[in-house]
Amino acid sequence: MNKKISFKLWLTVLFEGICLFLQKIAKFFGYKEDMTFGKVIWRIFVSCFTVLFLIGTVIFVYAFMYEVVYREWIRPHTVEIVYSNKHLSNHIDFQELYYQDKGRVYDENLKKVVVEEVDWVVVSDDKDSLAVFAKNGKRGYLNRFTGEVILPAIYTRAWVFSEGLAAVEKDNELVFINHSGDVVIDKDFEVHFDDPQYAFHDGYCVVKNAVDGKSALIDRQGNWVLKPEYDVIVHEYQFWKVKKEDVYGLYSENMELMYDVENPQIDICDDVIEVRFPDHTAKRYDFDGNILVDFVIDNVENMHYATTELDNDENEGEYSSISVIYDVAKCQKYMVRSGYYNEYYGLIDRDGKRITPPEYSSIEAIAEDLYLCQPQGIIINGKGQLVK
């Protein structure tokens, strides 16, 4: 015979069950039922535990009702479906539902979903016909003009196609495939954990040694062009800038060494290459290597020295002040940055003629035409000659 259990009876049985369970545990710590003080503490403890249990139950039920019942079962049928569109081509979109983690590939012309349950889609910078997508924790490739899946999502990791090749992780190895999915580069490479970005530029791709993270450059056959011995290799404009132990070098697009890996800084922008050399000088070149500025100066400023004259400023009453009069030195000091932070100074005359190279950490005028240079602590005159 079935008997209905009321909610009140259920709570009573639950509460008594909790009490019995906690009493058995408390006996191990010396609790006795005939102690008045113990009974009071026991009731307080059980009441607090019951309240916390009920609060936890309410939170669990609320989370289940909202996350599962409402979001998964009710909302899709009662709330207007709104998608955000990311165009893969003229009429193929990747659509993400605002209140769900999954998206879909949609054909606007045919008004139909081409691929469902897609996590994300990425189109390459060179607008390759194949875009990489993720689905159910795997990666694959689809045609961004038709939405058709060309290479199914079978790869653990995958990167965009660039210059007709794409890097994928297959059987814990890094290989490069073509549009048909055929492996064209397999040199026992491994994927480095630190946010690798495998893309070919001008026929070369940066890879990292999986052990020490050193960067290398390979060609389209997977052969070493630069061995894995650099901290950073970056493709900028048509050049490859390399860094090793805080110094930089530069290779041309044909992998000809333009500047040795010994310079504190190399910057490329607006058709200009600026090189900061080890001797603290800097020059600017065009992209063909012709000198545009033979000697780059970052700043020029006057220097002041203390004269032997005194300025006596007498005020009304008994107060007066005496101050030293300063004058402008004959020469100026110029500054050239070496790297991004270090600054070096040299001496220059009023006509802009360089007197000394930028080899001092500071220059201070101590007379009209005498200058204290650090860190050597030497004194030179306006001709750059050492004064003893």
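Strands, as the term is used here, are DSSP runs of at least two residues, numbered from the N terminus, and with that in hand the loops of this predicted model can be placed by the strands on either side of them. Asp-171, for instance, lies in the loop that runs between β10 (166-170) and β11 (173-177). Although Asp-171 is not a glycine, its phi is positive, at about 55°, and with a relative accessibility of 67% this residue counts as exposed.

Asn-136 can be read in a similar way, since its place is in the loop between β6 (130-135) and β7 (138-143), and its phi, near 55°, is a positive value in a residue other than glycine. Asn-136 counts as exposed because its relative accessibility is 59%, where exposed means over 50%.

Further along the chain, a cis peptide bond with an omega of about 10° joins Gln-374 and Pro-375, and Pro-375 is found in the loop between β29 (370-374) and β30 (378-381).

The largest pocket has a volume of about 620 Å³ and is lined by 28 residues, with Pro-196, Gln-197, Tyr-198, Ala-199 and His-201 lying nearest its centre. At least two lining residues come from each of β9 (157-158), β13 (200-201), β14 (204-208) and β17 (232-236), and β17 supplies the largest share, 4 residues. By character, the lining of this pocket divides into 13 nonpolar, 7 polar and 8 charged residues.

Turning to the surface, Val-51, Leu-52, Ile-55 and Ile-59 make a nonpolar patch of about 390 Å². Val-51 belongs to helix α2 (residues 36-78) and, at 47% relative accessibility, counts as partly exposed.

Note on methods:
Residues numbered from 1 in each chain as written. Predicted model: local features only at pLDDT ≥ 70, side-chain atom pairs only at ≥ 80, totals over all residues. Heavy atoms only, no water. Patch = residues over 30% accessible without salt bridge, like charges linked within 9 Å, V, L, I, M, F, W, Y side chains within 5 Å. Areas by Shrake-Rupley, 256 points an atom, 1.4 Å probe, with all protein chains shown as cover. Salt bridge = Lys/Arg side-chain N within 4 Å of Asp/Glu carboxyl O. Buried < 20%, exposed > 50% of the residue type's maximum accessible area, 1.4 Å probe, protein only. 1 Å grid on protein atoms, 1.4 Å probe; cavity = no way out; pocket = protein on both sides within 12 Å on 5 of 7 lines; lining within 4 Å. Points joined across faces, edges and corners; volume = space filled by probe spheres on them. Nonpolar A, V, L, I, M, F, W, Y, C, P; charged D, E, K, R; others polar.
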